[in-house]
Amino acid sequence: MKFFCLAGPFIWSLACASLSPSPSTTGSLISTPSGTVQITKNEQCACRRLTQSFGRSVILPGQKNYTQQTVDDYWDIRAVLSPACVFVPDTADAVASALQIFSACNAQFAVRGGGHMNYPGSNNIDGGILVALSGLDSYQVHNDTIDVGPGLTWYDVYKALAPYGRAAIGGRMKTIGVPGLTLIGGFHYFNNKYGYAMDNVVSYDVVLGNGTQVVASNVSHPDLFWALKGGANNYGIVTKFTLNTFDIPQITTSIQVFNETYFPSFFEAMCHSASVDERDPIAAGMIATVAYNTTTKVASASLLGVQEGVSNPPSQFANFTKIPATQRINNVTTLSQWAETLDSPKQMFRVMFSHKTMKPDPDMLYSIYKAWKAAVDDISDVEGLYPTFVLNEITPSSLRVAQTNGVGNVWGLEPEPLMIWQFSTGWANAQDDLRVEAWARQLTEHLHSINQKKGLASEFIYMGDAGEWQDPYAGFPYENVQRMRDIRAAYDPKGIFSTLSWGGFKLGL
C-alpha cells in the first residue's frame with residue numbers, strides 16, 4: 001500500500017505518522033520549511049516507533065519546534081535540511097533505544113550536538129531522522145573535572161565553571177557544541193599548555209550502534225578511548241564527557257587590528273608564535289583573521305588573543321603589540337565573559353571552508369594571502385560574497401601533551417610547529433554553491449602544491465576547518481587509520497555509524 005500525506009505547507013501529521021507502513025510501502029512525500037523530500041518506509045518505520053515509545057520527544061514537520069530544530073539551530077544556511085522527524089532524547093537509555101530502532105528499521109539518521117560543523121549532511125539529514133542532543137544538557141562540577149552532556153555549548157561549560165574559578169579546554173566561539181569539537185580534536189586558546197580538547201577528556205559515556213552503553217577511559221575500553229580522541233563520529237553517540245578543568249579564574253584579552261601595510265609583520269608574528277617551544281609555557285592563543293572587502297578593496301587583519309592570568313598588556317602577544325595598530329584593546333576578564341561576546345552569524349550566509357597546513361614561513365604565508373586576495377577579486381560578482389582568511393597555529397608544546405599523557409590521540413603529529421591557513425567563504429545564493437566550491441578547492445590545492453615543492457607542506461587536515469571535499473584521514477599516520485578501522489569493526493560490527501549514519505568525516509572502508 002502506498003500513501004501520501006500532503007496537506008498544505010507542512011505535512012505528515014501525527015495522524016499520518018501513526019499509520020503502520022506495510023512491507024510494500026515505498027514511502028511518502030513530506031513538505032517542510034526547507035522543501036519537499038521523499039521518505040522511505042524505513043524512516044517511516046523509525047519515526048513511528050520513536051513516536052510510540054517517546055511521544056513528545058519526537059517532532060514532526062508542521063509541529064511546534066520543528067523549524068527551531070532543523071533551521072534555527074544551524075548557523076550556516078547550507079546546513080538546513082528536511083528530516084522526516086526529529087528525536088530529542090533526554091537520557092542515554094533513550095539514545096540506546098533509538099539506535100536499536102534505527103537498526104531494526106534500517107533507517108538513516110544524523111546526530112547533532114551544537115551543530116557548528118557546517119557542511120550539508122554533517123549533522124542534519126534529508127528524509128532521515130535527526131537525533132538532536134539538546135536534551136542531554138546536564139553537568140556536574142567536581143574538584144578538577146566536570147561531567148557534561150553533549151547538548152551543551154562550550155559557553156554553557158564556561159558559565160558552569162566560572163563560580164569555581166576554573167576553565168576547560170573547549171571551543172572559542174559561543175555557539176560551538178561540546179561533542180563535535182571534542183571528538184575532532186578541539187582548538188582552544190590554551191592548547192599550547194594543556195593540549196587540545198580531546199587530550200583533556202578523562203572518560204566518555206558512549207552508546208554503541210547496537211544500543212550497548214559503555215564507558216571508555218584509560219582503564220575501561222582503552223582502545224575506544226584512544227579512537228575517540230580525534231576519531232569523530234565513527235564509533236557511537238557520546239552521552240557524557242568527563243573533562244579536566246584548570247584553575248584559571250581570570251584571563252587577559254587583547255584585540256588588535258592592523259591595516260594591510262603591516263601584514264608582513266603580522267604574518268611574521270604569527271609564525272613566531274607557532275614556533276615558540278617552551279617546556280612550561282604560559283597558556284595563550286588567538287583567533288587570527290584577515291577580512292577583505294571586495295567593494296572598497298580594503299583588507300584588515302585582526303588578532304583576538306587570550307592569555308591565562310593577569311598580564312595587562314598580555315606578555316605572550318608582545319610581537320603583535322610592536323606592530324602599529326589601528327585598534328588595540330587589552331582587558332582583564334573571565335573566560336565565560338569573553339566567550340559570551342563571540343558568536344557565529346546565524347542563518348546569514350552559505351559558508352564553505354577549505355584549508356591546508358604548512359610549516360611556519362612568513363614570506364610564503366604572505367604570498368598565499370596575496371594569491372587569495374587576487375582570487376577573491378575574480379569571483380567578486382558572487383552575490384553576498386564574504387571572504388575571510390583564517391590562521392590557526394599548532395605549537396610543538398600543544399602536541400607534546402598527547403605524547404606524555406600515556407594515551408595519545410589519533411592525529412599522531414610530531415611536536416613540530418605548524419600553521420593552518422584557511423579560506424572561509426560566505427555567499428548568498430544556492431546557484432553559486434558549485435562555483436564557490438570549485439574556486440576554493442582549486443585555489444587551495446594549487447597553493448598547497450607550491451608548498452609541497454618548497455618542502456613546506458604538511459598533509460594534516462583539521463576536520464573543524466575542512467571542506468566536505470577534503471579527507472582528514474589522509475593526513476593521519478597510516479598505522480593510526482588502520483587501528484581506527486580495527487576498533488570500529490570491533491565496536492560497530494554492523495556498520496551502523498558507517499552506513500545508516502553517513503554524515504561527517506567517515507573513515508571509509
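The following paragraphs describe a strand sheet, two helix packings, local backbone features and one buried residue in a predicted model.

Because the model is predicted, local features were accepted at pLDDT of at least 70 and side-chain atom pairs at pLDDT 80 or more, whereas totals for chains, interfaces and linings use all residues. Residues are numbered from 1 along each chain as its sequence is written, and side-chain values use heavy atoms, with hydrogens and water left out.

Helices (H or I, at least four residues) and strands (E, at least two) are DSSP runs numbered from the N terminus. An open sheet is formed by eight strands in the order β17-β14-β16-β15-β19-β20-β18-β21, with antiparallel pairing; two strands are taken as paired if DSSP finds at least two bridges between them. The edges are β17 (327-333) and β21 (457-458), each of which pairs on one side only. Within the sheet, β19 (residues 386-394) and β20 (residues 418-427) run antiparallel and are joined by nine bridges. Valine 390 is placed opposite glutamine 422 of β20.

Two packed helices are described by the angle between their axes and the distance between the axes. Axes are lines fitted to C-alpha atoms, for helices over the stretch in contact, and angles run from 0 to 180 degrees between N-to-C directions. Helix α2 (residues 41-54) and helix α4 (residues 92-105) have axes that come within 9 Å and cross at roughly 150°. This angle makes α2 roughly antiparallel to α4 (under 35 degrees counts as roughly parallel, over 145 as roughly antiparallel, 65 to 115 as roughly perpendicular, and the rest as oblique). The crossing of α2 and α4 is right-handed, a term used if the near helix is turned clockwise from the far one by less than a right angle. In this contact (heavy atoms within 4.5 Å), α2 contributes Asn42, Cys45, Ala46, Arg49, Leu50 and Phe54, and α4 contributes Ala94, Ser97, Ala98, Ile101, Phe102, Ala104 and Cys105. These residues comprise 10 nonpolar, two polar and one charged; Ala, Val, Leu, Ile, Met, Phe, Trp, Tyr, Cys and Pro count as nonpolar, Asp, Glu, Lys and Arg as charged, and the others, Gly among them, as polar.

The axes of α9 (residues 263-275) and α12 (residues 362-378) also come within 9 Å, crossing at roughly 125°, which makes α9 oblique to α12. This crossing is right-handed. Phe263, Pro264, Phe267, Glu268 and Cys271 of α9 meet Pro362, Leu365, Tyr366 and Tyr369 of α12. The contact of α9 with α12 has eight nonpolar, no polar and one charged residues.

Most residues other than glycine have a negative phi, and most peptide bonds are trans. The peptide bond from asparagine 312 to proline 313 is cis, with omega near 10°; proline 313 lies in the loop between β16 (298-308) and α10 (318-321). Histidine 221, in the loop between β11 (213-216) and α8 (222-227), has a positive phi near 50°. Its relative accessibility is 31%, so histidine 221 counts as partly exposed (buried is under 20%, exposed over 50%, and partly exposed in between, with a 1.4 Å probe and protein chains only). Lysine 297, in the loop between β15 (284-293) and β16, has a positive phi near 65° and, at 41% relative accessibility, is partly exposed.

Leucine 243 belongs to strand β12 (residues 237-244) and is buried, at 3% relative accessibility. Leaving aside neighbours within four places in sequence, leucine 243 contacts Asp144, Thr145, Ile146, Val148, Trp154, Asn200, Val201 and Val202. The C-alpha atoms of leucine 243 and threonine 182 are separated by 9.9 Å, with the two residues 61 residues apart along the chain.
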